[in-house]
Amino acid sequence: MDSEARDIMVEYGQFLFQRGYAVGTAGNISLKLADGDILATPTNACLGRLTAPALARVRLDGEQVSGEKMSKEIAFHLALYRARPDCGAVVHLHSTYLTALSCLENLNPEEAIKPFTPYFVMKTGRLPLIPYFRPGSPLIAEALTERLASGSACLMANHGAVALGKTLPEAVDAFEELEETAKLLFILGNNPVRYLTAGEVAELR
Ligand SMILES: [Zn+2]
């Protein structure tokens with residue numbers, strides 16, 4: 001009954017891997033099933049080589065129902081689903097440019113990327129930042145749910161980023177826009193950038 005959702009997860013895992021957004025066994029994705037359970041990537045799984053039966057089916061409270069053992073980072077996915085009933089999918093990756101960005105000093109925690117393209121504003125809206133916590137720390141879930149009381153994406157200091165969506169394709173889309181925006185930022189480097197004005201951003205929002 002969840003076989004279609006499992007196939008979608010496998011397909012999008014391969015897509016993210018082929019795009020080069022997921023390296024080795026880093027990164028994890030999940031989606032909410034019609035009955036409220038969560039389908040999530042297992043621990044130590046490569047997103048490019050997911051198999052449908054191995055995907056972990058988990059209750060919102062964290063109890064695992066089937067599949068291989070879920071990744072420990074799924075704990076913060078579950079916290080996001082509990083805090084945000086409108087959230088249908090979570091994508092968390094250590095993609096190259098967003099992770100590079102997350103390692104910079106003096107980022108604005110309210111807005112780690114100051115808007116300079118309309119697509120970033122339309123797809124992502126805003127990119128806040130949570131502080132560094134060791135991987136697996138429960139404080140990640142706490143900080144993320146606080147930062148993502150609204151909005152659809154967050155940067156995680158010295159770690160990576162997370163994007164939410166109503167569906168997995170929507171969350172993947174938002175993540176892709178985010179990663180490409182971070183890439184543009186590094187390409188622009190020290191060149192003077194014409195950022196969007198407050199009025200231009202307000203018009204898009
Ligand atoms: Zn991570």
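**View 1. Cys46 sits in the loop that runs between β2 (38-40) and β3 (56-58).** Strands here are DSSP runs of E with at least two residues, helices are runs of H or I with at least four, and both are numbered from the N terminus. This is a predicted model, in which local features need pLDDT of at least 70 and side-chain atom pairs count only at pLDDT 80 or more, while totals for chains, interfaces and linings use all residues. Residues are numbered from 1 along each chain as its sequence is written, and side-chain values use heavy atoms, with hydrogens and water left out.

**View 2. A look at what surrounds Cys46.** With a relative accessible area of 8%, Cys46 is buried (buried is under 20%, exposed over 50%, partly exposed in between, with a 1.4 Å probe and protein chains only). Setting aside neighbours within four places in sequence, Cys46 touches Phe17, Gly24 and Thr25; contact here means heavy atoms within 4.5 Å. For a sense of scale, pull back to Glu111: Cys46 and Glu111 are 65 residues apart in sequence, and their C-alpha atoms are 31 Å apart in space.

**View 3. Cysteines without a disulfide.** The structure holds 0 disulfides, a disulfide being a pair of cysteine sulfur atoms within 2.5 Å. Cys87 is in none, and the nearest cysteine sulfur to it, that of Cys154, is 13 Å away. Cys87 is also tucked out of reach of the probe for the most part: at 3% relative accessibility, Cys87 counts as buried. Cys103 is in no disulfide either, and again the nearest cysteine sulfur is that of Cys154, here 15 Å away. Cys103 counts as partly exposed, at 44% relative accessibility.

**View 4. Zooming out to the whole fold, with 7 helices and 8 strands.** The radius of gyration is 16 Å, close to the 17 Å that the globule rule gives for 205 residues, so the protein is as compact as a globular protein of that length. That radius is taken over C-alpha atoms, and the rule is 2.2 Å times the number of residues to the power 0.38. The C-alpha trace spans about 50 × 30 × 30 Å along its principal axes. Of the 205 residues, 50% count as buried. Among contacts with a separation of 6 or more, 63% come from residues 24 or more positions apart.
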